[in-house]
Amino acid sequence: MQSGKVSVIIPVYNGEAYVGQAIDSALAQTYTDSEVIVVDDGSKDSTRQIIESYGHKVRAVHKPNGGTSSALNAGIRLAQGEFIAWLSHDDLFLPRKSEAQVNYLRTNPALAACYSDFFIIDGEGRHLSEVKAGMGCTKTEKVRQLFASTNINGCTMLIRAEVFQKLGLFREDLKYTQDLEMWFRILCHYDIGYIPEALEKYRMHPKQQGMFGIEKYRRERVKVLLAAFREMRGREVLDGGETEEFLWLASIFSRHRGEHAEASRLYRHLILRGDGAALRALRGELMNWAIAGRSYLGHFKSRFVTFIRSRSVVKC
(Lines give C-alpha, C1' and ligand atoms only; values in the text may rest on other atoms or scores of the structure.)
Protein backbone atom coordinates (compact mmCIF):
# COMPACT_ATOMS: atom_id res chain seq x y z
CA MET A 1 0.00 0.00 0.00
CA GLN A 2 1.37 3.37 -1.03
CA SER A 3 1.33 5.88 1.81
CA GLY A 4 -0.98 8.79 1.14
CA LYS A 5 -2.53 7.41 -2.04
CA VAL A 6 -6.24 8.04 -2.59
CA SER A 7 -8.28 5.33 -4.29
CA VAL A 8 -11.40 6.77 -5.95
CA ILE A 9 -14.08 4.13 -6.52
CA ILE A 10 -16.70 4.92 -9.18
CA PRO A 11 -19.53 2.34 -9.28
CA VAL A 12 -21.67 2.63 -12.42
CA TYR A 13 -24.64 0.94 -13.98
CA ASN A 14 -25.95 2.20 -17.34
CA GLY A 15 -24.25 5.55 -16.78
CA GLU A 16 -23.29 6.52 -20.31
CA ALA A 17 -24.75 10.02 -19.91
CA TYR A 18 -22.51 11.10 -17.05
CA VAL A 19 -19.77 8.59 -16.22
CA GLY A 20 -17.22 10.35 -18.42
CA GLN A 21 -17.72 13.60 -16.51
CA ALA A 22 -17.31 11.77 -13.19
CA ILE A 23 -14.06 10.14 -14.35
CA ASP A 24 -12.75 13.48 -15.63
CA SER A 25 -13.41 15.11 -12.26
CA ALA A 26 -11.56 12.31 -10.44
CA LEU A 27 -8.59 12.62 -12.79
CA ALA A 28 -8.52 16.42 -12.44
CA GLN A 29 -7.72 16.40 -8.71
CA THR A 30 -4.95 18.72 -7.51
CA TYR A 31 -3.81 15.83 -5.30
CA THR A 32 -2.02 13.62 -7.80
CA ASP A 33 -1.14 10.56 -5.71
CA SER A 34 -4.30 8.70 -6.60
CA GLU A 35 -5.89 5.92 -8.59
CA VAL A 36 -9.33 5.80 -10.19
CA ILE A 37 -11.14 2.45 -10.14
CA VAL A 38 -14.31 2.34 -12.24
CA VAL A 39 -16.57 -0.64 -11.55
CA ASP A 40 -19.04 -1.38 -14.33
CA ASP A 41 -21.89 -3.19 -12.56
CA GLY A 42 -23.22 -5.06 -15.59
CA SER A 43 -24.17 -2.06 -17.71
CA LYS A 44 -26.14 -2.67 -20.91
CA ASP A 45 -25.46 0.67 -22.60
CA SER A 46 -22.17 2.13 -23.85
CA THR A 47 -20.70 2.54 -20.34
CA ARG A 48 -18.05 -0.12 -20.94
CA GLN A 49 -16.78 1.55 -24.09
CA ILE A 50 -16.59 4.93 -22.37
CA ILE A 51 -14.56 3.47 -19.49
CA GLU A 52 -12.19 1.65 -21.81
CA SER A 53 -11.58 4.86 -23.79
CA TYR A 54 -9.58 6.15 -20.79
CA GLY A 55 -7.01 3.38 -21.20
CA HIS A 56 -4.39 3.17 -18.46
CA LYS A 57 -5.68 6.33 -16.75
CA VAL A 58 -8.25 4.25 -14.87
CA ARG A 59 -8.50 0.70 -13.55
CA ALA A 60 -11.58 -0.84 -15.13
CA VAL A 61 -13.58 -3.62 -13.49
CA HIS A 62 -16.50 -5.33 -15.23
CA LYS A 63 -18.85 -7.53 -13.21
CA PRO A 64 -22.42 -8.88 -13.28
CA ASN A 65 -25.03 -6.54 -11.87
CA GLY A 66 -25.17 -6.75 -8.09
CA GLY A 67 -26.06 -3.26 -6.90
CA THR A 68 -24.15 -0.27 -5.60
CA SER A 69 -22.75 -1.99 -2.52
CA SER A 70 -21.34 -4.92 -4.47
CA ALA A 71 -19.71 -2.55 -6.97
CA LEU A 72 -18.21 -0.42 -4.21
CA ASN A 73 -16.89 -3.51 -2.46
CA ALA A 74 -15.34 -4.83 -5.66
CA GLY A 75 -13.44 -1.56 -6.00
CA ILE A 76 -12.39 -1.41 -2.35
CA ARG A 77 -10.97 -4.94 -2.56
CA LEU A 78 -8.71 -3.82 -5.41
CA ALA A 79 -7.77 -0.45 -3.91
CA GLN A 80 -4.12 0.18 -3.14
CA GLY A 81 -4.59 3.55 -1.43
CA GLU A 82 -4.37 4.58 2.18
CA PHE A 83 -7.63 6.48 1.70
CA ILE A 84 -10.88 5.44 -0.02
CA ALA A 85 -13.25 7.84 -1.79
CA TRP A 86 -16.60 6.99 -3.37
CA LEU A 87 -17.82 8.91 -6.41
CA SER A 88 -21.21 8.13 -7.93
CA HIS A 89 -21.08 7.96 -11.71
CA ASP A 90 -23.38 10.98 -12.09
CA ASP A 91 -21.68 13.22 -9.50
CA LEU A 92 -18.54 15.32 -9.67
CA PHE A 93 -15.57 15.98 -7.41
CA LEU A 94 -14.35 19.54 -7.19
CA PRO A 95 -10.59 19.77 -7.93
CA ARG A 96 -9.46 20.30 -4.31
CA LYS A 97 -11.50 17.51 -2.73
CA SER A 98 -8.76 14.91 -2.27
CA GLU A 99 -6.11 17.46 -1.31
CA ALA A 100 -8.28 19.17 1.29
CA GLN A 101 -9.42 15.92 2.86
CA VAL A 102 -6.03 14.17 2.93
CA ASN A 103 -4.51 17.24 4.60
CA TYR A 104 -7.37 17.32 7.10
CA LEU A 105 -6.98 13.65 8.06
CA ARG A 106 -3.23 13.98 8.33
CA THR A 107 -3.75 16.89 10.72
CA ASN A 108 -6.35 14.87 12.68
CA PRO A 109 -4.90 11.33 12.92
CA ALA A 110 -7.54 10.20 15.44
CA LEU A 111 -10.32 10.58 12.85
CA ALA A 112 -11.30 7.62 10.68
CA ALA A 113 -12.92 9.69 7.95
CA CYS A 114 -14.17 13.13 7.03
CA TYR A 115 -16.97 14.59 4.94
CA SER A 116 -17.87 18.01 3.58
CA ASP A 117 -20.59 20.29 2.28
CA PHE A 118 -21.70 19.86 -1.33
CA PHE A 119 -23.50 21.56 -4.19
CA ILE A 120 -26.66 20.24 -5.85
CA ILE A 121 -26.77 20.46 -9.64
CA ASP A 122 -29.33 19.40 -12.22
CA GLY A 123 -28.98 17.04 -15.16
CA GLU A 124 -27.34 19.77 -17.23
CA GLY A 125 -24.86 20.67 -14.51
CA ARG A 126 -26.60 23.89 -13.50
CA HIS A 127 -26.19 24.97 -9.89
CA LEU A 128 -29.33 24.54 -7.77
CA SER A 129 -28.22 24.95 -4.15
CA GLU A 130 -25.55 24.28 -1.54
CA VAL A 131 -25.99 21.86 1.34
CA LYS A 132 -24.31 22.67 4.64
CA ALA A 133 -23.82 19.20 6.09
CA GLY A 134 -22.20 19.97 9.45
CA MET A 135 -23.25 18.01 12.51
CA GLY A 136 -22.40 18.32 16.21
CA CYS A 137 -18.96 18.40 17.77
CA THR A 138 -19.18 15.35 20.04
CA LYS A 139 -19.69 11.79 18.85
CA THR A 140 -23.04 11.65 20.67
CA GLU A 141 -24.24 14.78 18.87
CA LYS A 142 -23.14 13.39 15.50
CA VAL A 143 -24.89 10.08 16.08
CA ARG A 144 -28.11 11.72 17.23
CA GLN A 145 -28.18 14.05 14.23
CA LEU A 146 -27.47 11.16 11.86
CA PHE A 147 -30.56 9.42 13.22
CA ALA A 148 -32.67 12.50 12.60
CA SER A 149 -31.36 13.33 9.14
CA THR A 150 -28.82 11.66 6.87
CA ASN A 151 -26.52 14.68 6.69
CA ILE A 152 -23.58 12.83 5.21
CA ASN A 153 -23.42 12.55 1.44
CA GLY A 154 -21.34 9.43 0.83
CA CYS A 155 -19.51 10.99 -2.11
CA THR A 156 -18.15 13.74 0.14
CA MET A 157 -16.48 11.16 2.39
CA LEU A 158 -12.81 10.20 2.51
CA ILE A 159 -12.24 7.09 4.64
CA ARG A 160 -9.03 5.48 5.82
CA ALA A 161 -8.66 2.07 4.15
CA GLU A 162 -7.87 0.47 7.52
CA VAL A 163 -11.46 1.17 8.59
CA PHE A 164 -12.78 -1.32 6.04
CA GLN A 165 -10.13 -3.81 7.05
CA LYS A 166 -11.37 -3.70 10.63
CA LEU A 167 -15.13 -3.19 10.20
CA GLY A 168 -15.78 -4.93 6.91
CA LEU A 169 -17.24 -3.65 3.65
CA PHE A 170 -20.64 -2.21 2.72
CA ARG A 171 -23.56 -4.54 3.38
CA GLU A 172 -24.70 -5.94 0.06
CA ASP A 173 -28.12 -6.94 1.41
CA LEU A 174 -28.97 -3.24 1.83
CA LYS A 175 -30.04 -1.64 -1.44
CA TYR A 176 -30.88 1.90 -0.26
CA THR A 177 -29.24 2.55 3.10
CA GLN A 178 -25.85 0.85 2.84
CA ASP A 179 -24.15 4.21 3.34
CA LEU A 180 -26.17 5.12 6.46
CA GLU A 181 -25.45 1.72 8.01
CA MET A 182 -21.73 2.17 7.32
CA TRP A 183 -21.62 5.62 8.94
CA PHE A 184 -23.24 4.21 12.08
CA ARG A 185 -20.80 1.31 12.06
CA ILE A 186 -17.84 3.68 11.82
CA LEU A 187 -19.18 5.92 14.59
CA CYS A 188 -19.48 2.92 16.89
CA HIS A 189 -15.68 2.54 16.79
CA TYR A 190 -14.22 5.82 15.55
CA ASP A 191 -14.98 9.48 15.05
CA ILE A 192 -15.68 11.34 11.80
CA GLY A 193 -14.57 14.88 10.95
CA TYR A 194 -16.22 17.63 8.92
CA ILE A 195 -14.81 20.20 6.48
CA PRO A 196 -17.12 23.24 6.09
CA GLU A 197 -16.47 23.62 2.38
CA ALA A 198 -18.32 22.27 -0.66
CA LEU A 199 -16.03 19.71 -2.29
CA GLU A 200 -18.49 17.72 -4.40
CA LYS A 201 -21.40 18.25 -6.78
CA TYR A 202 -24.42 16.01 -6.30
CA ARG A 203 -26.51 15.69 -9.44
CA MET A 204 -30.30 15.40 -9.35
CA HIS A 205 -31.90 14.06 -12.52
CA PRO A 206 -34.90 11.88 -13.45
CA LYS A 207 -32.88 8.76 -14.33
CA GLN A 208 -30.73 8.52 -11.22
CA GLN A 209 -30.86 5.20 -9.44
CA GLY A 210 -31.78 6.93 -6.20
CA MET A 211 -35.33 7.44 -7.52
CA PHE A 212 -36.41 4.21 -5.81
CA GLY A 213 -39.62 3.08 -4.19
CA ILE A 214 -39.99 5.25 -1.11
CA GLU A 215 -41.76 2.54 0.89
CA LYS A 216 -38.90 0.09 0.37
CA TYR A 217 -36.47 2.78 1.49
CA ARG A 218 -38.49 3.52 4.63
CA ARG A 219 -38.69 -0.12 5.65
CA GLU A 220 -34.95 -0.55 5.18
CA ARG A 221 -34.18 2.70 6.99
CA VAL A 222 -36.25 1.66 10.00
CA LYS A 223 -34.34 -1.63 10.27
CA VAL A 224 -30.99 0.17 10.06
CA LEU A 225 -31.99 2.75 12.68
CA LEU A 226 -33.28 0.13 15.12
CA ALA A 227 -30.11 -1.96 14.74
CA ALA A 228 -27.92 1.13 15.19
CA PHE A 229 -29.95 2.18 18.23
CA ARG A 230 -29.38 -1.16 19.91
CA GLU A 231 -25.67 -1.03 19.13
CA MET A 232 -25.23 2.58 20.26
CA ARG A 233 -27.12 1.96 23.51
CA GLY A 234 -24.92 -1.04 24.25
CA ARG A 235 -21.83 1.11 23.77
CA GLU A 236 -23.35 4.03 25.73
CA VAL A 237 -22.81 6.38 22.78
CA LEU A 238 -26.23 8.03 23.07
CA ASP A 239 -25.42 9.33 26.56
CA GLY A 240 -28.90 9.27 28.07
CA GLY A 241 -31.15 7.29 30.38
CA GLU A 242 -33.28 4.45 29.04
CA THR A 243 -36.56 6.36 29.00
CA GLU A 244 -34.99 9.45 27.45
CA GLU A 245 -33.29 7.41 24.72
CA PHE A 246 -36.45 5.49 23.80
CA LEU A 247 -38.52 8.69 23.74
CA TRP A 248 -35.88 10.35 21.58
CA LEU A 249 -35.96 7.50 19.03
CA ALA A 250 -39.77 7.52 19.02
CA SER A 251 -39.70 11.25 18.27
CA ILE A 252 -37.35 10.58 15.33
CA PHE A 253 -39.75 8.04 13.84
CA SER A 254 -42.75 10.29 14.48
CA ARG A 255 -41.26 13.03 12.28
CA HIS A 256 -40.93 10.81 9.20
CA ARG A 257 -43.98 9.97 7.19
CA GLY A 258 -44.39 6.22 6.94
CA GLU A 259 -42.45 5.53 10.17
CA HIS A 260 -45.16 6.37 12.70
CA ALA A 261 -45.89 2.71 13.36
CA GLU A 262 -42.38 2.32 14.76
CA ALA A 263 -42.93 5.35 16.99
CA SER A 264 -46.14 3.78 18.26
CA ARG A 265 -44.38 0.55 19.17
CA LEU A 266 -41.74 2.40 21.17
CA TYR A 267 -44.34 4.48 23.03
CA ARG A 268 -46.33 1.33 23.77
CA HIS A 269 -43.22 -0.37 25.16
CA LEU A 270 -42.70 2.46 27.64
CA ILE A 271 -46.35 3.00 28.54
CA LEU A 272 -46.81 -0.67 29.36
CA ARG A 273 -44.05 -0.18 31.94
CA GLY A 274 -46.11 2.59 33.51
CA ASP A 275 -43.86 5.37 32.22
CA GLY A 276 -45.70 8.67 32.66
CA ALA A 277 -43.21 10.59 30.52
CA ALA A 278 -43.99 8.31 27.57
CA LEU A 279 -47.73 8.85 28.00
CA ARG A 280 -47.33 12.61 28.03
CA ALA A 281 -45.07 12.47 24.99
CA LEU A 282 -47.51 10.28 23.07
CA ARG A 283 -50.42 12.60 23.79
CA GLY A 284 -48.36 15.45 22.39
CA GLU A 285 -47.47 13.45 19.29
CA LEU A 286 -51.11 12.55 18.69
CA MET A 287 -51.95 16.26 18.68
CA ASN A 288 -49.10 16.92 16.22
CA TRP A 289 -50.29 14.16 13.91
CA ALA A 290 -53.85 15.50 14.10
CA ILE A 291 -52.58 18.91 13.01
CA ALA A 292 -50.39 17.36 10.26
CA GLY A 293 -53.23 15.35 8.76
CA ARG A 294 -56.32 13.39 9.73
CA SER A 295 -54.88 10.26 8.10
CA TYR A 296 -51.96 10.25 10.53
CA LEU A 297 -54.26 10.54 13.52
CA GLY A 298 -56.55 7.87 12.14
CA HIS A 299 -53.65 5.44 11.98
CA PHE A 300 -53.07 5.78 15.69
CA LYS A 301 -56.46 6.60 17.09
CA SER A 302 -57.84 3.09 16.93
CA ARG A 303 -54.62 1.68 18.35
CA PHE A 304 -54.01 4.13 21.17
CA VAL A 305 -57.00 6.15 22.36
CA THR A 306 -58.61 3.21 24.11
CA PHE A 307 -55.21 2.07 25.31
CA ILE A 308 -54.40 5.47 26.82
CA ARG A 309 -57.73 5.60 28.64
CA SER A 310 -57.12 2.12 30.02
CA ARG A 311 -53.79 3.35 31.40
CA SER A 312 -55.26 6.42 33.06
CA VAL A 313 -53.93 5.23 36.40
CA VAL A 314 -50.45 6.28 35.21
CA LYS A 315 -49.53 9.50 36.98
CA CYS A 316 -48.89 12.39 34.61
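Which residues lie nearest the centre of the second largest pocket? Select Asn14, Ala17, Tyr18, His205 and Lys207. Keep in mind throughout that this is a predicted model.

**Stop 1: the second largest pocket**

Those five residues belong to a lining of 12. The pocket holds about 240 Å³ of space. Colour its lining by residue class: you should get 4 nonpolar, 5 polar and 3 charged residues.

Now zoom in on Asn14. Find Asn14 in the loop between β1 (6-12) and α1 (19-27). Check its backbone. Most residues other than glycine have a negative phi. Asn14 is not a glycine, yet its phi is positive, about 50°. Is Asn14 buried, partly exposed or exposed? Asn14 has a relative accessible area of 31%, so it counts as partly exposed.

**Stop 2: the largest cavity**

Leave the pocket and turn to enclosed space. A probe the size of a water molecule, rolled over the atoms, shows where empty space is left. Here the count is 2 cavities of 30 Å³ or more.

Start with the largest cavity, at about 50 Å³. Select Leu72, Ile76, Ile84, Ala85, Trp86, Gly154, Met157, Ile159, Phe164, Phe170 and Trp183 to show its lining. What does the colouring by class give? The lining has 10 nonpolar residues, 1 polar and no charged.

Next, colour by element. Helix α3 (68-78) and strand β4 (83-86) each give at least two residues to this lining. Strand β4 has the largest share, with 3 residues.

**Stop 3: the second largest cavity**

Select Gly66, Gly67, Thr68, Ser69 and Ser70, then add Glu172, Leu174, Lys175 and Gln178. These residues line the second largest cavity, which holds about 40 Å³ of space. Which element supplies the largest share of this lining? Helix α3 does, with 3 residues. Colour by class once more: 1 residue is nonpolar, 6 are polar and 2 are charged.

**Stop 4: salt bridges**

Hide the cavities and show charged side chains. Side chains of opposite charge can pair when their charged atoms come close. The structure holds 13 salt bridges. Here are some to visit.

Pick Asp41 and Lys63. Their side chains meet in a salt bridge, 2.5 Å from N to O. The pair joins distant parts of the chain: Asp41 sits in strand β2 (residues 34-41) and Lys63 in strand β3 (residues 59-63), 22 residues apart. Are these two buried or exposed? Both Asp41 and Lys63 are buried.

Move to Arg48 and Glu52. Their closest N and O atoms are 3.1 Å apart, in a salt bridge. Both residues lie in helix α2 (residues 47-52). They are 4 residues apart, about one turn of the helix. Arg48 has a relative accessible area of 39%, so it is partly exposed. Glu52 is partly exposed too, at 45%.

Then select Glu197 and Arg96. The closest N and O atoms of this salt bridge are 2.8 Å apart. How many residues separate the partners along the chain? They are 101 residues apart, and the pair links distant parts of the chain. Glu197 is in strand β9 (residues 192-203), while Arg96 is in the loop between β5 (92-93) and α4 (97-107). Glu197 counts as partly exposed because its relative accessibility is 32%. Arg96 is partly exposed as well, at 39%.

Finish this stop with Asp117, Glu130 and Lys132. Salt bridges link these three residues in a network.

**Stop 5: Leu158**

Select Leu158, in strand β8 (residues 158-160). Its relative accessible area is 1%, under the 20% cut-off, so Leu158 is buried.

What does Leu158 touch, leaving out residues up to four places away in sequence? Display Val6, Phe83, Ile84, Ala85, Gln101, Val102, Leu105, Ala112, Ala113 and Cys114. Two of these contacts, Ile84 and Ala85, also appear in the lining of the largest cavity.

For a last distance, pick the C-alpha atoms of Leu158 and Ile192. They are separated by 9.8 Å, with the two residues 34 apart along the chain.

Methods:
Residues are numbered from 1 along each chain as its sequence is written. This is a predicted model: local features need pLDDT of at least 70, side-chain atom pairs count only at pLDDT 80 or more; totals for chains, interfaces and linings use all residues. Side-chain values use heavy atoms; hydrogens and water are left out. On a 1 Å grid over the protein atoms alone, a cavity is a set of points where a 1.4 Å probe fits but cannot get out, and a pocket is an open set with protein on both sides within 12 Å along at least five of seven lines; lining residues have an atom within 4 Å of a point. Grid points are joined across faces, edges and corners, and a volume is the space filled by probe spheres set on the points. Ala, Val, Leu, Ile, Met, Phe, Trp, Tyr, Cys and Pro count as nonpolar, Asp, Glu, Lys and Arg as charged, and the others, Gly among them, as polar. A salt bridge is a side-chain nitrogen of Lys or Arg within 4 Å of a carboxyl oxygen of Asp or Glu. Buried means under 20% relative accessible area, exposed over 50%, partly exposed in between (1.4 Å probe, protein chains only). Contact means heavy atoms within 4.5 Å.
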